[in-house]
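Hi everyone, thanks for making the time. Let me put the structure up, and then I'll walk you through a few local details.

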Amino acid sequence: MTGRERVEKAWALQAVDKIPFVPAVYEHKARLIGRTPSRVCRSLDLLLEALEREDEIYGPDALTVGLDVYNVEAEALGCGVRYFDGSPDVPAVEAPILGGPGELRRLGRPDPGRDGRMPLFIEAAARLQRAKGAEVMVRGAVTGPFSLACALAGAEEVLVATVEDPRFVRALLAFAARTAVDFGKAFLEKGVEPVLFDSKASPAAASPRVFREFVLPVYRDLLVPSLREAGARTVTLIVGGDTTAILEDLLETGAGQLLCDAGSDLARFGRRCREERRALRASVDARLVHRGTPVEIRGVAARLLEATAGQPGLLFGCGVVAYDCDPANVLALREARDAFSRT
């Protein structure tokens, strides 16, 4: 069974020969070719080289065309991004560009085929899909609406506005959601599945009230239906951290695959995803993958896999792999998956 087949069957809640292995490798892929994230995320050739190396070393069942996943759309809209060519630091948005509600009207949605680095990632995804799409699931990284809204207007300002100016927040999120739809459709046109990243919407950064009242509606009513209509096989939603408090809202978004990050209630996620017939990615703590030994990592991974045995639609991975993580630690995860699959 190919990696692509494993992922497709997991999304369809069907039996697989091995649980799909989907580690969260973004800036770490630059380390695999001895380059900085800032260099790789601005070069088509280096990005493709890094993705090729990721596939060679780790053999994941899905490859994500994304590196500094929360910057691309914001930069295309006019945000400055600080790059660090001489260090492994991940690029970051320098400052918000919206000073108030009235300024939202001056923003036009970016064109994925023309603006900023969006065309670079679309082209990389298209080439990777042609080269490896029959064997591995190729996915394109898309910034979720709340995270994009925070980049454009400032996280604190958006949170304050949910109380003082909720109309502005809803308009901003609708704009951000349409931007995500445009980027997601551009990936789908290349045969690549979009994956949505929206960890600014985690309860650690925004309250469950904010998710329920502001974030959920744009996913449920606009973003997820639009991507499904455009041909998405499923809609994968990645919200990191302990998201147990918003689990019911995550299910209500209509996303077909959710993340149970380290610290979340795995038993509850498993039960509710079984009941609602959703795929689920169970995740080993990124801190352990970064600082632990392969023996420790295999032990924790084995216990996680045992705890989720028989879960329909299960995928297995970890939190975001640090740039300087020892590849042996990531391989320990795959070794645990392989050992579990033989039992």
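I'll talk about a helix pair, then a single helix, then one residue in a loop. Please keep in mind that this is a predicted model.

Let's start with the pair. Two packed helices are described by the angle between their axes and the distance between the axes. Here, helix H7, residues 145–153, packs against helix H8, residues 155–164, at about 110 degrees, and their axes are 7 Å apart. Roughly perpendicular covers 65 to 115 degrees, so H7 and H8 are roughly perpendicular to each other. On the H7 side, the contact is made by Phe146, Ala149, Cys150 and Ala153, while H8 brings in Ala155, Glu157, Val158 and Leu159. Sorted by type, that contact has seven nonpolar residues, no polar ones and one charged.

Next up is helix H6, residues 118–132. How far should its 15 residues span, at 1.5 Å a residue? The expected value is 21 Å, and the end C-alpha atoms are 21 Å apart, which agrees. Buried residues in H6 include Phe121, Ile122, Leu128, and also Gln129 and Lys132. Who covers them? Among the elements covering the buried residues of H6 are helices H1, H4, H5 and H9, along with strands S1 and S4.

Finally, have a look at Asp115, in the loop between strand S3 and H6. Is Asp115 buried or exposed? Its relative accessible area is 17%, and the cut-off for buried is under 20%, so Asp115 is buried. A polar atom of the Asp115 side chain lies 2.7 Å from the backbone nitrogen of Asp111. Leaving out residues up to four places away in sequence, Asp115 touches Ala76 and Pro110.

Notes: Residues numbered from 1 in each chain as written. Predicted model: local features only at pLDDT ≥ 70, side-chain atom pairs only at ≥ 80, totals over all residues. Heavy atoms only, no water. Axes fitted to C-alpha atoms, helices over the stretch in contact; angles between N-to-C directions. Helix = DSSP H or I, 4+ residues; strand = E, 2+ residues; numbered from the N terminus. Parallel < 35°, antiparallel > 145°, perpendicular 65-115°, else oblique. Contact = heavy atoms within 4.5 Å. Nonpolar A, V, L, I, M, F, W, Y, C, P; charged D, E, K, R; others polar. Expected span 1.5 Å × (residues − 1). Buried < 20%, exposed > 50% of the residue type's maximum accessible area, 1.4 Å probe, protein only. Polar contact = N/O pair within 3.5 Å; in protein donor to acceptor, adjacent residues only side chain to side chain.
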